Amino acid sequence: MWYKEELPSEINNEDLDKLTAYVGHSNSDMNLVGQYENAVDILINQIIKEKHRVDTIAHPLLYLMRHSIELSLKENIKYLKKYSKLPFLKK
């Protein structure tokens, strides 16, 4: 299956400003978790709104979900290690 939507040929200044990313402002891993979760929500809502099949983006969408879960688990481990009496080894 192949689906390709053309990008706009002209972009106004307001939309261009929305496309400027300040990636250095992601100052925590939990901020990244939120961004991945937002991406999943935006994509699912857009699929529903435009009445597309989720198959058009299933693999990237699942990757975003998996990576969001992975980052969340790592953050939970870092947070909870202060309550554990077990040694925290990085191998």
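In the predicted model, the buried residues of helix 3 are Leu61, Leu64, His67, Ser68, Leu71, Ser72 and Glu75. Part of the cover over these buried residues comes from helix 2, residues 29-49. Helix 3 itself runs from residue 58 to residue 80 and comprises 23 residues. Its first and last C-alpha atoms lie 33 Å apart, close to the 33 Å expected at 1.5 Å a residue.

Glu75, listed among the buried residues of helix 3, also takes part in a salt bridge with Lys78, with an N to O distance of 3.0 Å. The two residues are both located in helix 3 and are three positions apart, about one turn of the helix. Their accessibilities fall in separate classes: Glu75 has a relative accessibility of 18% and therefore counts as buried, the limit being under 20%. Lys78, at 41% relative accessibility, counts as partly exposed. The pairing extends to a further residue, since Asp29, Glu75 and Lys78 are linked in a network of salt bridges.

In total, the structure holds six salt bridges. Another of these joins Lys18 to Glu14, the closest N and O atoms being 3.8 Å apart. Both residues belong to helix 1, residues 13-18, and because they are four residues apart they are separated by about one helical turn. Lys18 is exposed, with 59% relative accessibility, and Glu14 is likewise classed as exposed, with a relative accessible area of 55%. A salt bridge is also formed by the side chains of Arg53 and Asp55, with 3.2 Å from N to O. In this pair, Arg53 is exposed at a relative accessible area of 57%, whereas Asp55 is partly exposed at 40%.

A nonpolar patch on the surface is formed by Ile11, Leu16 and Leu19, which together have about 290 Å² of accessible area. Of these residues, Leu19 is situated in the loop between helix 1 and helix 2. The relative accessibility of Leu19 is 61%, so this residue counts as exposed, a class that begins at over 50%.

At the level of the whole chain, the secondary structure consists of three helices and zero strands, giving the pattern α-α-α when read along the sequence. The C-alpha atoms fill a box of roughly 60 × 35 × 25 Å along the principal axes. The radius of gyration of the chain is 18 Å, while a compact globule of 91 residues would have a value near 12 Å. Buried residues account for 11% of the 91 residues of the chain. The accessible surface of the chain amounts to about 8,500 Å², and 59% of this area belongs to carbon and sulfur atoms. Of the contacts between residues at least 6 apart in sequence, 58% join residues at least 24 apart.

Definitions and conventions
Residues are numbered from 1 along each chain as its sequence is written. This is a predicted model: local features need pLDDT of at least 70, side-chain atom pairs count only at pLDDT 80 or more; totals for chains, interfaces and linings use all residues. Side-chain values use heavy atoms; hydrogens and water are left out. The expected span of a helix is 1.5 Å times one less than its number of residues. Buried means under 20% relative accessible area, exposed over 50%, partly exposed in between (1.4 Å probe, protein chains only). Contact means heavy atoms within 4.5 Å. A salt bridge is a side-chain nitrogen of Lys or Arg within 4 Å of a carboxyl oxygen of Asp or Glu. The radius of gyration is taken over C-alpha atoms; the globule rule is 2.2 Å times the number of residues to the power 0.38. Accessible areas come from the Shrake-Rupley method with a 1.4 Å probe; for residues, only the protein chains shown count as cover. Patches are made of residues with over 30% relative accessible area and no salt bridge: like charges are joined within 9 Å, nonpolar side chains (Val, Leu, Ile, Met, Phe, Trp, Tyr) within 5 Å.
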